[in-house]
Amino acid sequence: MTIREKFDVDLHSLQDAVIELYNKTEIALTKSFEALNTRNIDLALQIFEEDRPIDRLEEEINDFAIMVITRQQPVATDLRRVIVSIKIASDLERLADYAVNIAKATIKIANEDYVKPLIHLNEMHKNVLEMLTLAIESYREEDVAKAKKVAELDDRIDELYGIVIKDLLSLTPDNSDKLTQISQLSFVARYLERAGDHITNIAESTLYLVKGRHYILND
Amino acid sequence: MTITINREFKLEDLMLDNSKNKDVVYDTKNLNLWYGEDQALKNINLKIYENEVTAIIGPSGCGKSTYLKTLNRMNELIPSVKTSGEIVYRGRNIFDKSYKAEELRTQVGMVFQKPNPFPKSIYENIVYGPKIHGIKDKKILDEIVEKSLRGAALWDEVKDRLKENAYGLSGGQQQRLCIARCLAIEPDVILMDEPTSALDPISTLKIEELMQSLKKDFTIIIVTHNMQQAARISDRTAFFLSGEVIEYNSTDKIFSTPENKKTEDYISGRFG
Amino acid sequence: MRILNNEQITNGIGRRLLTNKFTKVILFIATLFSLVVLAVLMYRIMNQGLPKLNLDFLTKFASRRPANAGISGALVGSIWLMIVVVPFSMVIGVGTAIYLEEYAKKNWFTSFIQVNIQNLAGVPSIVFGLLGLTIFVRAMDLDRSILAAGLTMSLLVMPVIVVSAQEALKAVPRQLGEASYGLGATKWQTIKNIILPAAIPGILTGSILAISRAIGETAPLIVVGALAFVNFYPSSIMDSFTVIPIQIYNWTTRPQIEFQEVAAAGIIVLLVFLIIMNSIAIIIRNKFNKRY
């Protein structure tokens, strides 16, 4: 294997690691809502456990990226590939943290009935997962069109966030004993909205990787 | 303590073509060059701007050194060279019959791949250029020696041994002496043909720093095999391949978002 | 997988080392052979010649009586000859070399000249003698003078000087010339200030060898007409003369056994003369070498 072939293999491993991180994050996000919907404290605790490997993987990606930069001194697209992998890994790690936060909220409110069915919240969650998959696909395939579509999906999430918050606020006067639950649920909505922003960042990183310049998608 | 980011730094600005308000030193128009039957340069069109470091990169045999040597007509030392097209230096075509190569070379100095001081004293090396152009006054020569050695950041290291043989200097010092020798004829342009390829990293760094300081007063054109070097020191980079200019742009642009696939393949080491 | 057989290599080592030793001995014997021959020769000459070698021998002219024979006429003749040969052959030879190496365009004509010069270096010296006789002695009417002989000898050594000077010029690193041209120097300034000084040690080495050949040369001088019997010092380059080797040759052809001793003494003088010439050249060469 020539040195540059090794370099290409390294770049590929870096991409593979980011995608592995995506898989773990996606599972965490899915489980977090499963726990929330079923008020399953054990499942929520499991998410706590599974966050540690995610953090470690993100650190590994950073270390590996720095090693590749040091040894291969990449330029142009190669350099952007390495930098972008670091940025995306950091966004994914952040998404996993939101899954943990949702699990924390779940634990706090799991012992009481919900004030209302979590329809819009689940739709938000569904959208987040869809966006995430699309963003990672755009990254893996270096597909500009998919990256731009991610931004459109984010608009829907922001819209849903508005609806969810309004709903929850309207329930406050009649449910003064369930204020904790209402505030925790609005936190969850807030986490999902933030997750959408981070996924938009992933799409922006992909655009930067391909085009070599910055685009602002979430206006 | 507060840290402020330098607001003047904007990558987009750096990548913009700022050549409009700069003086053109060399304007190469449709330059072709043959060694006997082999065409070494094909239809080169290139503008070199004042007070910039212009790097020429490309694989061996791509014509980059040939192009550099054409700029001060050093390639005329090779008998079989033929050229067509023109290179306009400060408004005058260097291939004009009336333009003497010796005259051009007093304006365009050259530093070579291997340090090549004359087998003479440090002092004699510096005054060689002025002397062949008829300057004999000892006072003026002394002044030139100090000024040139200071310009090449060598004065402090050699001021006490100017009469010693230049071969006693280290490789890096010899190369700076060659730069000083070049400065002694007070040129307008300095051509450098892989000036650090024979030097260790520390000496290389010194020469690179020197180039940055010389840029204020001179226009520098450097041929280099070392792409990191081109990226570090140059303002503009030309990529040569098989005798053609594939891409010529600001160094920031070339090394971050080259327009041509061949350029990207070359700078990222995936050539061929 | 290894292609080489280790055992085979180990087994072969003894034989190869033996061959190595054997070759070394053979080569040493070859060296010894020439050394021994030289030593015997020197011994014989010293044995015969040293008793005869004294101030009288150096100051007296040739004589029919061995006891009175001296070498001074030939010694002075040789010195005169060198006074003509050294400047002539060096200036013309080095000049030709510079022209061919630095100025001349590389075309069929210059390579034709080049080949001819190289061939001239191999032409038998007697042919140069005949050339000198025809051109200098007869056509230019220089008669049997030191000048005629000196010019003939210059022609003889010139090809060697040209070729060795060309080699010396070629050996000067091209970068030095480029550095000079790069500063705007003309060709002649570059040659004069950079290339020639750097080539001088090499040029001198070649010239020393060539001129040493001229000192020992007899044949062309006999043809050009150096006298065998001279009992006066030449006073100008138009005078007739003789040189040491001719004098020695003359003595060795005499029947009297004493003349053999005189000849041996003459040989010693010739050798010393050569050594002095070479030393002077080496000193000059080292002086230039120090500037490096």
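How many residues of chain A are in contact with residues of chain B, and how many of chain B are in contact with chain A? In this predicted model, eight residues of chain A meet ten residues of chain B. Within chain A, the element that gives the most to this side is helix α3, spanning residues 76-109, with three residues. Sorted by class, the side of chain A that touches chain B consists of three nonpolar, three polar and two charged residues.

The other chain pairs can be read alongside this one. Two pairs of chains touch, and of these it is the pair of chains B and C that has the most contacts. Chains A and C, by contrast, are joined by no contact, and their closest C-alpha atoms are 20 Å apart.

Chain A itself is built from six helices and has zero strands, so that its elements, followed from the N terminus, read α-α-α-α-α-α. Along the principal axes, the C-alpha atoms of chain A fill a box of roughly 70 × 35 × 20 Å. The radius of gyration of chain A is 19 Å, which agrees with the value near 17 Å that a compact globule of 219 residues would have. Of the 219 residues in chain A, 38% are buried. If one takes the contacts in chain A between residues at least 6 apart in sequence, 79% of them join residues at least 24 apart.

Chain C is divided by its domain assignment into domain 1, covering 6-52, and domain 2, covering 58-289. The C-alpha centres of these two domains of chain C lie 34 Å apart, and the contact between them takes four residues from domain 1 and seven residues from domain 2. On the side of domain 1 of chain C that touches domain 2 of chain C, there are one nonpolar, two polar and one charged residue.

Finally, the backbone of chain B deserves a look. Most residues other than glycine have a negative phi. The table lists two residues of chain B that are not glycine and have a positive phi.

| Residue | Phi | Place in chain B | C-beta atoms within 10 Å |
|---|---|---|---|
| B:Asn43 | about 50 degrees | strand β2 (residues 38-49) | 15 other C-beta atoms |
| B:Glu194 | near 45 degrees | loop between β7 (189-193) and α8 (201-214) | 19 C-beta neighbours |

Are these residues buried, exposed or partly exposed? B:Asn43 is partly exposed because 15 other C-beta atoms lie within 10 Å, and B:Glu194 also counts as partly exposed, with 19 C-beta neighbours inside 10 Å, since a residue is buried only at 20 or more and exposed at 12 or fewer.

Notes. Residues are numbered from 1 along each chain as its sequence is written. Chains are lettered from A and ligands numbered from 1 in the order in which they are written. This is a predicted model: local features need pLDDT of at least 70, side-chain atom pairs count only at pLDDT 80 or more; totals for chains, interfaces and linings use all residues. Helices (H or I, at least four residues) and strands (E, at least two) are DSSP runs, numbered from the N terminus. Ala, Val, Leu, Ile, Met, Phe, Trp, Tyr, Cys and Pro count as nonpolar, Asp, Glu, Lys and Arg as charged, and the others, Gly among them, as polar. Domain bounds come from an automatic or database domain assignment. The radius of gyration is taken over C-alpha atoms; the globule rule is 2.2 Å times the number of residues to the power 0.38.
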